[in-house]
Structure formats: structure tokens, C-alpha cells
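Subject: Structure handover

Hello,

Here is the structure I promised to pass on. Please open it beside this email and follow along.

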Amino acid sequence: MTKTILLTGGTGFIGSHTAVEMIQEGYRIVLADDLSNSSRKVVDRIEEITGTRPAFYPIDVADREALRDLFSRERLDGVIHFAGFKAVGESTEKPLDYYENNLGATMNLLRVMEEFGVKTIVFSSSATVYGQGGLMPCTETMPRGVCVNPYGWTKSMSEQILTDASAADPDLSVVLLRYFNPIGAHPSGLIGEDPQGIPNNLMPFVAQVAVGRREELTIFGNDYDTPDGTCRRDYIHVCDLAEGHVKAIAFGEGRKGVEVFNLGTGTPYSVLEVVETFARVSGVSVPWRFGPRRAGDLPDLWADPAKATEVLGWKAGRTLEDMCRDAWNWQRNNPRGYEGEE
Ligand code: UFG
């Protein structure tokens with residue numbers, strides 16, 4: 001029987017790619033998103049790629065009545081919870097907005113799930129919950145650390161809320177997915193990352209420089225204790241990440257308790273390596289200069305993804321070249337993002 005899964009934040013970068021993978025795996029998908037940081041056009045693009053139009057509710061997940069209404073119309077088998085504010089810098093300026101929105105959404109969702117007897121949730125967490133410990137690679141057995149910004153704390157606290165809810169409800173199944181650095185785009189070039197304003201993250205910034213929307217990239221710091229002096233991260237193709245969610249929801253269904261998985265490749269690349277690879281595969285020059293360090297950046301951050309391979313049978317297979325090629329394909333086809341078309 002076809003399973004129906006709700007994706008909160010379903011029109012966002014990771015949500016939209018996960019929707020495509022889930023539909024292609026035979027799931028029925030319901031998207032909920034208030035469109036505060038995404039476009040309605042994503043729904044059309046998902047339909048264009050898969051041939052199936054997902055149900056879409058333009059609601060705020062923190063709105064109890066709106067969420068109840070959704071749950072009463074759809075018979076849900078599980079939820080993947082992506083919805084949340086995610087700009088690290090902004091979270092330090094508006095901490096209360098971040099705590100209210102991100103924690104409010106998680107708690108509201110758990111309340112409504114309880115009311116309607118929905119027992120499976122996969123949560124969109126982040127490697128940021130490991131804090132500043134510095135031991136690499138990160139393994140799931142390490143304790144969560146001290147976060148350096150409110151955004152990170154909302155992920156860490158949401159993990160705690162979900163863990164406590166699961167301890168109190170023996171029928172609840174919680175899967176916490178800790179993403180490393182998702183980049184790239186669907187190879188069709190129809191969906192991809194479309195940040196509002198000046199991108200905070202490396203890949204969308206690089207892609208916007210390549211397409212001529214920004215003049216040059218500033219590389220934040222070249223005096224780190226790393227092989228080339230720039231920070232290293234575990235970049236993962238968003239389609240690999242999306243496949244991890246398909247495995248996670250299947251794993252979570254019908255079990256009980258909490259399980260945590262890192263989703264990364266296990267191989268770190270430096271900022272310079274990413275920029276050089278992007279320029280090589282796109283054939284477009286990406287002007288850059290070194291600037292000062294950015295507050296809160298760790299020199300190194302990468303995953304030990306062994307548990308996800310052993311338990312979920314999942315492995316990230318796409319290379320850094322694939323990630324750069326697909327990010328460029330998306331940017332070139334949609335130079336101004338979703339809203340730029342027509
Ligand atoms: N960088 C630049 N110039 C830029 C943007 C980024 O040099 O214009 C560098 C950063 O200093 C860092 C690397 O590129 O060394 C990656 O930066 P991102 O902002 O793309 O990603 P982060 O690793 O800082 O952040 C990501 C996620 C967060 C998450 C964090 C920790 O975006 O959601 O990992 O897990 F909290």
C-alpha cells in the first residue's frame with residue numbers, strides 16, 4: 001500500500017530534492033511550507049521531474065490549527081521535518097525569532113502527530129550539534145557539544161525535545177539526521193538552492209559569482225591549521241542526502257526509540273579545492289580573494305558516515321565534481337533562481 005509522508009519545509013532546498021526521491025521510490029508526498037524562504041514554483045518543478053504533483057499546503061508548521069487541518073485531510077504514515085530558519089549569522093541577530101520559530105515548529109508538530117496517532121518522524125539536524133570539540137571525524141557516539149550560535153542550538157534543542165518525547169511515548173520512532181554540507185542540485189537543473197539576498201553559504205555564492213550576479217568570492221581565512229590554510233568541510237550532494245532520507249523513513253517506520261545518523265561522505269575538501277573544482281568543471285572563472293576569518297568557523301568538520309552505511313545501507317556516491325557540475329547546471333539554467341523566470 002502506498003505510504004503518505006509529510007515533508008515540512010518541503011519546498012526548500014533539501015525538502016524539494018527529498019520530495020523527488022521519495023516520489024520516485026513510490027511514496028505519496030504532502031508538502032507543507034509557508035514559502036518564507038522558498039518558491040511555490042518548486043511544486044511545478046517537482047511535477048516536471050517526476051510526473052507527479054505532490055499535495056501542497058502553504059502553511060506555517062508552527063500554526064496549530066493549520067497543521068491540524070492538514071492532518072485531518074491527509075492520512076499520514078510519517079513526517080520528515082525540514083521546516084526552520086537556517087541562516088547562522090541572522091540567528092545571532094534575531095535569537096528569539098530562531099528559538100520561537102524552530103522550536104515552536106518542532107513542538108507543534110509533535111503535538112499534532114500525537115493527536116492524530118502519527119508515530120514516525122525523521123528530523124533534519126546538523127553537524128553543528130557536535131559543537132567545537134574538534135575531534136574528527138565526528139561519530140554519532142560523541143556527545144552533542146556547545147553550539148556557537150542560536151541556529152545550532154535550535155537543532156541541538158530540537159534533538160533533545162524529540163529524544164524526550166520518544167522516551168515518554170514508547171510507540172514514537174525518531175530518526176535524527178545530522179547533515180554535513182549539502183550542495184549541488186538535481187541533475188535536471190530544475191530544482192536547486194535559491195537563497196534570498198546575499199548567500200551565506202559557499203556554493204551558492206560561488207555559483208552566483210560564476211553566473212555574473214556577484215563580483216568576487218571572499219574566502220574567509222587562509223591561516224587555518226589545514227593543508228592549504230582554508231577550512232575543510234564534508235560537502236555532500238543534495239541527491240545523496242535525499243536518498244538518505246528515503247532510507248531513514250523506511251528504517252524509522254514501525255520501530256521505536258531514537259536513532260542518530262551522520263549524513264556525509266567522510267571526505268573533507270578545502271574552500272580552495274571547492275572553488276578550483278567548480279571553475280574546472282564549469283569552465284567559468286570564479287574570481288576570489290582572501291579575507292579575514294568568519295566568526296564561529298571551525299578549521300575542519302567531517303563525518304564518519306559508517307553507521308548510516310551499516311544500518312541504513314546508505315552511502316554517498318557522488319563526487320565533488322558531480323556536486324559542482326550540478327550546482328552550475330542549476331545556476332546557469334536559473335540565473336536569478338525560481339523567481340527570475342518568465
Ligand atoms: N566560505 C567562504 N566564503 C563565503 C562563504 C563560505 O570562504 O562566502 C567558507 C566558510 O568560511 C567555510 C566554508 O566556506 O569554511 C563553508 O561555509 P558554509 O557557510 O557553506 O558552510 P558552514 O560549514 O559554515 O555551515 C554549514 C551549514 C550550517 C551548519 C554548519 C555546521 O550551512 O547550517 O555547516 O554544521 F550549521
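Strand 9 (residues 232–233) and strand 14 run parallel, joined by 2 bridges. One of the residues to find here is R232, whose bridge partner in strand 14 is D300. Please note that this is a predicted model.

These two strands belong to an open sheet of 3 strands, in the order 12-9-14. Its pairing is mixed. Strand 12 (269–270) and strand 14 (300–301) each have a single partner strand, so one side of each has no neighbour in the sheet. That puts both of them at the edges. As a reminder, strands of a sheet pair through backbone hydrogen bonds, and they do so either parallel or antiparallel.

Now the other sheet. It is open too, with 7 strands in the order 3-2-1-4-5-6-11. Here the pairing is parallel. Which strands are at its edges? They are strand 3 (55–57) and strand 11 (257–263), and each pairs on one side only. On average, neighbouring strands of this sheet are turned by 20° against each other, with direction ignored.

Look at one pair inside it. Strand 5 (residues 120–126) pairs with strand 6 (residues 173–179) over 7 bridges, in the parallel sense. I121 has its bridge partner in strand 6, and that partner is V174.

Next, turn to helix 8 (residues 238–252). Which strands does helix 8 lie across? The list is strand 1 (4–8), strand 4 (78–81), strand 5, strand 6 and strand 11. Helix 8 runs at about 160° to strand 6.

Two spots in the backbone deserve a look. Most residues other than glycine have a negative phi, and most peptide bonds are trans. The bond between M136 and P137 is cis, with an omega of about -5°. You will find P137 in the loop between strand 5 and helix 6 (150–168). The other spot is L35. L35 is not a glycine, yet its phi is positive, about 65°. Its place is the loop between strand 2 (28–32) and helix 2 (41–50).

Last, the ligand. How many residues surround the ligand? There are 19, and the closest are L202, T218, R233, R294 and D297. By class, this shell has 10 nonpolar, 6 polar and 3 charged residues. Strand 8 (residues 217–220) gives the largest share of the shell, 4 residues.

Three contacts involve oxygen atoms of the ligand:

- L202: a backbone N or O atom lies 2.8 Å from a ligand oxygen.
- F220: a polar backbone atom is 2.9 Å from a ligand oxygen.
- S126: an N or O atom in the side chain is 3.4 Å from a ligand oxygen.

On its own, the ligand has 690 Å² of accessible area. The protein covers 89% of that.

Over to you now.

Best wishes

Notes
Residues numbered from 1 in each chain as written. Predicted model: local features only at pLDDT ≥ 70, side-chain atom pairs only at ≥ 80, totals over all residues. Heavy atoms only, no water. Near = heavy atom within 4 Å. Polar contact = N/O pair within 3.5 Å; in protein donor to acceptor, adjacent residues only side chain to side chain. Areas by Shrake-Rupley, 256 points an atom, 1.4 Å probe, with all protein chains shown as cover. Nonpolar A, V, L, I, M, F, W, Y, C, P; charged D, E, K, R; others polar. Pairing = 2+ DSSP bridges. Axes fitted to C-alpha atoms, helices over the stretch in contact; angles between N-to-C directions. Contact = heavy atoms within 4.5 Å.
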